[in-house]
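Morning, everyone. I'd like to walk you through the structure I've been looking at this week, so please pull it up and follow along.

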Amino acid sequence: MPSSTRREFLQLLGSAGLISLGAIPPRFLVTAAEAAGVAARDKRVLVLIQLAGGNDGLNTLIPHGDPAYEKARPGIGIPKPQVLRLNDQVGLHPNLTGLRELYEEGKLAILQGVGYPNPDRSHFRSMDIWQSAQPLNDNPRDGWLGRASEWQFDRQPALAEALSLGSDKLPLAFVSTRVNVPSLHRLEDFQLVDGQGPTANRDRIRTTIKKLVADPASGELDFLRRATTTALTSAERLKSLSATYRTTVNYPSTGLASRLKLVAQMLTADLPARMFVVSLDGFDTHSQQQPGHAALMAELSGAIRAFEQDLAEHKLSDRVVLATYSEFGRRVAENGSLGTDHGAASMLFALTPTGKGGLHGTYPSLTDLTDGDLKFNIDFRSVYATILDKWLEIPSAEVIGEAFQPTGFI
Amino acid sequence: MPNLEPPAGLLAPLDFTSDRTWTAREAAHLLGRSQFGYTSAELDLAIQSGPAETIERLLNTQPEPIEFQQAELALRKTALATGEITDLKIWWLYRMWATANPLAEKMSLLWHNHFATSFDKVRSVAQMLNQNALIRKHALGHFQQLLHGMSRDTAMLVWLDGNANRKRHPNENFAREIMELFALGVGNYTEKDIQEAARAFSGWHVREGVFWFNQSQHDETEKTVFGKVGNFDGAAIVDLCLSQPACPRFLAMKLLKTFVCSEPKQELIEAVATRIRLHDFVMLPVLRELFSSQVFYDGANRRSLIKSPLDLVVGSLRALAATVKWPSITKLLANLGQDVFEPPSVKGWEGGRLWINSSSILLRTNFATELASTEQLASLRGSVTDVASETSDSIVAGLGRLLMGDLVEGELHASLVALHQLAEGNSLQKLRATIQLILSLPEYQLY
Amino acid sequence: MSRCLSSILFLTVVLGLMCQGDARAADTVSEGSLVDRLPTGAVATAEVSGLASIIERIETSETLKGYLNSPLYQEAIKTDPARKALAGKAILEAQLGMDLWTIAKTYLGDRLVLGVYPPVDGHQPEGVLVIRVKNAADLSKLLEKLTPLAAFAGDAVSISDRAGGGKAFKSKDGNQVVITDRWIVASKSSELLSQTLTNLTTSRDSGLGSEVSWKLMAQQLGTQHTVQICVNLTKVSQLLGKRVVPEKLDNPVVSLLYGGLLEYAAKSPYLGMTVDISDSGYSIQSAVAGKVSDLDDAHRAMVLDPAQPLLPMTMEVPERLGVFSFSRNILKWYKAREQLLEPKLQPEFDKFETGLATFLPGKDFAEDVLPFLTGRVAFVSAPQDYSYLDGKPGVQLPAFGLVIELAKPTEGADILNVVAQTILTISNLEAAKQKRQLWVQSSESYHDVQVNFARYLQRPKGDQLATAYNFQPASALIDNRFILSSSLGLCRQLIDAQQNKRPVESATAGSIPNIVQELSPVVAARLLEANAAVIHAKSIQNGKTAEQSARELEAVCTLLRRMTAIHFDTVQYADHMRLELSGGWK
């Protein structure tokens with residue numbers, strides 16, 4: 001435990017009147033300290049950003065070097081001079097300035113041509129496939145992160161916690177037939193409410209609970225006491241830190257930025273969760289794509305850039321992998337109403353602390369198409385396998401049900 | 001029904017006259033497991049009338065008071081009228097809370113979890129309600145009839161893609177679940193059995209909102225299931241499943257996990273399975289034997305189960321609340337992970353320790369705070385608040401009896417008495433603080 | 001629904017209280033506005049007169065008695081703030097030797113005015129309160145009681161005799177009150193206080209009443225109102241350093257409906273509001289000064305030409321729940337949208353036009369669609385008749401009818417029919433998903449008018465049918481008016497209304513209706529009662545018993561049934577425009 005954290009923690013205990021409980025260290029103190037210790041050292045975190053609606057990969061990572069691009073996109077193509085060039089072949093959407101900085105710093109991996117065989121162009125179906133990682137299952141019961149949580153729960157429950165932020169319905173990725181993943185909207189959702197009645201009573205109740213749960217027990221009661229200790233400690237840390245949480249980073253005032261800020265606050269407060277999913281909607285750009293898509297690009301880039309700076313400021317960068325995904329890319333050719341229709345393979349971004357940034361995979365050909373769509377060269381399950389095996393240290397073959405070769409971004 | 005010998009061995013009835021006395025603890029244990037919480041009046045009655053009479057009262061239909069009937073009807077009709085599943089959820093929660101027949105609701109929930117079907121795909125309040133009516137009708141009755149009914153239930157057929165099951169393109173969804181989740185459990189069938197059974201269910205469709213046997217899409221050829229060969233239809237498959245020895249074992253497991261202990265031993269499962277078979281899959285006599293048995297009252301099985309969100313929330317409300325604001329409660333239950341009519345998948349809720357994570361602990365603690373100290377969720381019963389003038393000792397004893405099955409002792413008892421004595425404010429505020437502490441305790445999450 | 005219900009309940013109770021009780025004639029003889037007693041330079045004033053008779057009405061009303069005896073009140077007075085308030089009331093009543101009702105009538109019952117002045121040095125705004133009491137004797141009695149009380153307060157309040165008679169009270173934090181003759185004057189500012197006191201005795205020609213804003217308001221709205229509020233918009237604009245209404249609005253609907261009124265407000269010297277309450281009803285009017293001829297061309301799209309007003313259609317149908325009717329130069333408004341609306345809204349119009357192109361390929365909205373309309377649009381609502389069902393939906397919604405007048409009836413109707421058919425198709429796709437009955441296109445001849453309507457494939461049966469069964473879309477073209485309705489019955493009624501058109505669409509002398517809105521509380525009550533089961537269930541969901549809920553609904557419906565139609569109109573006058581809200585009791 002870093003000394004500042006310990007000091008803060010002891011203050012917390014002191015204020016709760018627990019520090020003077022005698023010579024034997026109370027259970028509360030030990031478990032909480034354990035929890036905090038484990039968190040700081042070992043807890044690797046995954047943050048997924050779901051780009052709902054099907055992001056137009058072609059206008060996100062632009063193959064400006066390919067004349068076929070201009071031909072396919074006469075109305076909505078990004079003009080060459082505006083593209084943020086990464087090399088002679090590809091470049092980023094002009095609003096992805098933050099992401100380009102991260103790319104140049106070696107922190108951003110860009111995976112090209114990600115998809116799966118026999119792509120489905122229905123939002124629901126393809127979203128199900130991405131989230132369940134089971135393209136052949138028509139009725140997936142659970143998601144890949146849900147199954148990952150189950151695996152973890154059976155071994156180290158303290159590391160199995162996950163959180164969905166800002167969506168009304170739990171994303172399928174998190175659905176488990178066994179583990180229950182909570183969905184939060186605001187920081188307050190992870191806090192104790194004060195209720196009514198005299199403040200002194202509330203304080204006394206909390207103190208009494210903490211005192212009582214500190215005693216070891218057996219069986220289910222012991223389990224519940226440990227879980228209560230962790231939860232109450234987390235909530236208090238979050239509360240005291242949300243009062244003191246400072247960042248010099250100027251988060252843009254967008255929905256995604258505020259959700260990522262929430263993640264950063266939770267990581268700073270050392271909440272037990274280590275898998276987060278946040279969603280950014282509006283990518284189903286069938287008509288008049290340009291202005292809307294440009295705004296989404298700006299929101300995505302600004303939010304990730306600020307998040308990364310915040311993590312760095314709080315010395316958390318080493319613990320976090322962030323990845324985007326979307327149910328599909330869009331058609332290569334634009335449609336008649338200055339938009340694009342549902343497509344297949346696309347690209348995704350990953351923020352990686354392992355120095356493995358840069359371009360991965362190859363850009364799919366714009367002329368060798370399947371039904372007008374790009375062909376994939378990285379199976380999305382390889383991306384999952386990378387995250388599971390190399391980052392979360394959960395065996396991917398067990399979660400996905402099939403072994404996939406990890407890609408090199410971690 | 002032939003008169004059976006009472007069970008022996010693990011399920012042998014507990015002799016309350018010699019082996020153990022019938023106290024508030026035993027009564028609270030029985031009511032706690034067979035209802036969603038209990039009022040102090042219910043507990044008093046149970047103590048007074050003794051085990052046998054209490055068990056019979058639980059098992060047999062009691063008349064519902066007129067206010068319940070009015071409210072139940074209004075809530076049900078409105079759910080149908082608005083087509084909003086939230087209204088139907090409130091209807092059911094209201095039933096669990098106010099009914100004079102709580103065991104029927106508890107068993108209905110068990111079957112809802114067993115045949116977990118979600119409105120999320122069914123999209124029809126009427127069909128969800130019909131399925132619920134089917135469940136309630138057979139809640140304590142014949143499992144065979146329930147299983148046969150389920151195989152023709154429209155919500156179930158929509159949920160598991162009945163209409164997609166066609167002669168030339170069999171859909172295995174229902175056939176798989178009837179074996180894996182509804183009757184037998186994993187390991188008691190082969191993939192081949194599922195494929196063959198799926199063909200037997202082909203043509204079992206929904207048309208104009210009712211079950212329809214679509215002859216032209218039914219596969220009339222021979223099937224081989226569990227080693228038996230014949231031109232089976234769906235009903236024959238249901239019967240074949242029921243005849244498998246795994247079936248009563250599977251049900252025994254469910255009953256034991258719900259009512260007795262989280263990890264029942266193999267021999268106990270076998271014992272209950274035997275009784276299920278002997279009682280021809282009728283649940284009522286099996287439950288009677290279970291609730292009378294030594295194993296049910298065994299010390300190791302007391303306060304050994306983690307309360308589901310419904311047991312916690314509706315149970316607390318039954319004990320404490322005079323009126324309830326149901327929309328908030330419905331939202332809370334969904335956040336806690338038990339959203340009736342919208343289970344996460346066909347596997348339902350596994351429950352136990354899986355109900356617990358940091359977020360749900362905070363929600364459970366916040367529920368305690370809001371229920372005890374505010375009027376945001378409910379108002380407290382007069383029978384609970386009218387004790388304000390008593391001593392700290394007697395108030396803690398009364399609450400301990402009502403909320404903790406009379407098992408408040410030692411340090412816990414001392415802490416509660418101390419809290420009540422030291423709490424600020426008027427007598428009601430002191431009482432509310434004490435209730436809040438009890439509801440926030442890990443001990444209270446057990447039953 | 002319950003929140004909406006409780007708002008209606010609250011409004012009706014408040015206004016109902018004011019209009020009930022003995023119909024005693026107001027015994028106050030008004031002596032004109034007190035505004036001219038106030039010093040000049042105010043930002044706003046609020047004046048109240050004749051409160052005595054209104055307080056009397058409330059005090060003696062049956063509704064109040066009912067409320068005081070109800071469990072609702074008994075619950076309310078158990079709360080802490082209520083207990084404190086009741087204790088304060090008891091002390092006050094004991095000190096002054098009269099009950100609170102009499103206190104209010106005696107000291108507030110004649111006339112009072114509050115003036116608000118701009119803040120000095122960026123502090124809080126200053127204010128002056130002037131109260132005139134009917135009998136000077138009552139005030140001297142008050143002084144007798146107050147003087148010993150103030151002594152009790154120690155050095156917190158100091159009392160001095162005034163040179164011109166009466167007493168001056170000054171509190172430690174600077175509040176000053178002067179009681180003299182028939183007057184109570186209070187202010188924190190010594191300057192405002194002394195100016196006001198001077199105005200009480202000397203000539204009042206230099207008072208606030210001489211300023212342009214108040215003069216104009218008095219001239220346009222009169223001064224004999226129960227409550228009269230005046231805001232000096234010129235001054236507000238100076239203080240803000242910008243127009244009180246932005247040049248470009250950020251809401252297209254507000255712009256189309258109220259853009260004219262708001263432009264008047266931007267240039268008007270005043271914003272006035274009056275409230276009048278009589279024994280049989282109430283009227284709340286807001287006004288801003290201006291003339292149509294002062295508006296630029298774009299803003300004239302939202303007002304009627306006084307020379308040739310194209311008046312809003314009234315479309316009288318029996319059992320009408322409500323109507324919303326207006327007349328605009330929609331084409332002019334649409335073309336001037338870049339001038340009238342904020343730039344950030346412009347892309348939305350582009351999206352709309354692109355979207356429309358998928359419905360009507362090759363058509364331009366401004367060039368090929370809008371010219372078909374005259375600009376008169378009416379939205380009518382009435383109970384649905386359910387003649388097309390064997391049963392009723394569980395939730396009964398009112399039927400709606402949209403009447404659009406067409407400059408080119410044939411071409412316009414074609415376009416609107418395409419829209420109607422598309423909606424029908426989309427609805428059928430949705431219905432299939434929701435497992436509901438599908439619609440089939442049908443038609444009939446009603447009084448020689450062809451009516452197209454949607455018929456259910458099979459007549460839906462049941463008493464708790466889905467909410468969607470509230471709709472049976474129908475459309476017709478009669479004369480130059482196109483009717484699009486959610487009910488065949490209402491569509492027929494609208495045809496009747498058009499055929500028996502009485503000369504109602506005409507202006508009364510001096511005023512031109514700009515927007516006509518009306519709501520019938522009686523019909524609303526009937527709808528609420530038709531939905532009683534659902535309303536009761538919602539109450540039960542929130543912890544009430546069926547019986548409690550029935551009582552509450554009955555109370556709301558009784559009140560609604562006693563009300564006459566509520567009007568909320570926008571009306572143009574020669575030199576100003578008003579928003580007029582009025583209603584009454586039977």
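**A walk through the complex**

Let's begin with the shaky part: over residues 1-13 of chain C, pLDDT stays under 50, and the model has 11 contacts beyond four places in sequence for that stretch. Yes, this is a predicted model, so keep that in mind throughout. Residues 19-30 of chain C also stay under 50, and there the model has 28 contacts beyond four places in sequence. Where pLDDT is low, the coordinates shouldn't be read in detail, so please don't squint at side chains there. For chain C overall, the mean pLDDT is 86, and 91% of the residues reach 70 or more. As for the complex, the predictor gives an ipTM of 0.94 and a pTM of 0.78.

While we're on chain C, how is it divided? There's domain 1, made of 1-30 + 53-108, then domain 2 at 115-209 and domain 3 at 521-564. Going by C-alpha atoms, the centres of domain 2 and domain 3 of chain C are 49 Å apart.

Now, who touches whom? Between chain A and chain B, the contact takes 38 residues from A and 43 residues from B. Which elements of chain A give two or more residues to that side? Those are helix H7 (199-213) and helix H8 (219-244) of chain A. H8(A) has the largest share, with 12 residues. By class, chain A's side splits into 19 nonpolar, 12 polar and 7 charged residues. For chain C and chain A, the contact takes 4 residues from each chain. On chain C's side that's 1 nonpolar, 1 polar and 2 charged.

On to chain A itself. You'll find 12 helices and 12 strands in it, and of its 410 residues, 53% count as buried. If you take the contacts in chain A with a separation of 6 or more, 73% of them are between residues 24 or more positions apart.

Here's a little piece of chain A to look for: an open sheet of 3 strands, in the order E2-E4-E3, with antiparallel pairing. Which strands are at the edges? Strand E2 (61-62) and strand E3 (84-85) of chain A, each of which pairs on one side only. E3(A) is joined by 2 bridges to strand E4 of chain A, residues 91-92. One pairing you can click on is A:Arg85, whose bridge partner in E4(A) is A:Gly91.

Next, two residues with an unusual backbone angle. Most residues other than glycine have a negative phi. A:Asp371, though, has a positive phi, near 50°. You'll find A:Asp371 in the loop between strand E11 (358-360) and strand E12 (378-379) of chain A. Over in chain B, B:Phe341 also has a positive phi, near 70°, and B:Phe341 is in the loop between helix H18 (326-336) and helix H19 (358-373) of chain B.

So, buried or exposed? A:Asp371 is exposed, because it has 9 other C-beta atoms within 10 Å, and 12 or fewer counts as exposed. B:Phe341 is buried, because it has 24 other C-beta atoms within 10 Å, where the cut-off is 20 or more.

Let's stay in chain B and look at helix H21, residues 392-404. Does its length make sense as a helix? Well, at 1.5 Å a residue, its 13 residues should span 18 Å, and the end C-alpha atoms are 17 Å apart, so that agrees. The buried residues of H21(B) include B:Ile395, B:Val396, B:Leu399 and B:Leu403. What covers the buried residues of H21(B)? Among the elements doing that are H1, helix H2 (40-59) and helix H17 (309-320) of chain B. Right after H21(B) comes B:Gly405, with a positive phi near 60°.

H1 of chain B brings me to my last residue, B:Leu30, which is found in that helix, residues 24-34. B:Leu30 is buried, because 24 other C-beta atoms lie within 10 Å. What is B:Leu30 in contact with, leaving aside its neighbours within four places in sequence? The answer is B:Ala46, B:Thr54 and B:Phe291. And if you want one pair to check on screen, B:Leu30 and B:Glu289 are 259 residues apart in sequence and 13 Å apart in space, C-alpha to C-alpha.

That's my tour, thanks for listening.

Technical notes: Residues numbered from 1 in each chain as written. Chains lettered and ligands numbered in written order. Predicted model: local features only at pLDDT ≥ 70, side-chain atom pairs only at ≥ 80, totals over all residues. Contact = placed C-beta atoms within 7 Å. Helix = DSSP H or I, 4+ residues; strand = E, 2+ residues; numbered from the N terminus. Nonpolar A, V, L, I, M, F, W, Y, C, P; charged D, E, K, R; others polar. Domains from an automatic or database assignment. pLDDT = per-residue confidence, 0-100. Pairing = 2+ DSSP bridges. Expected span 1.5 Å × (residues − 1).
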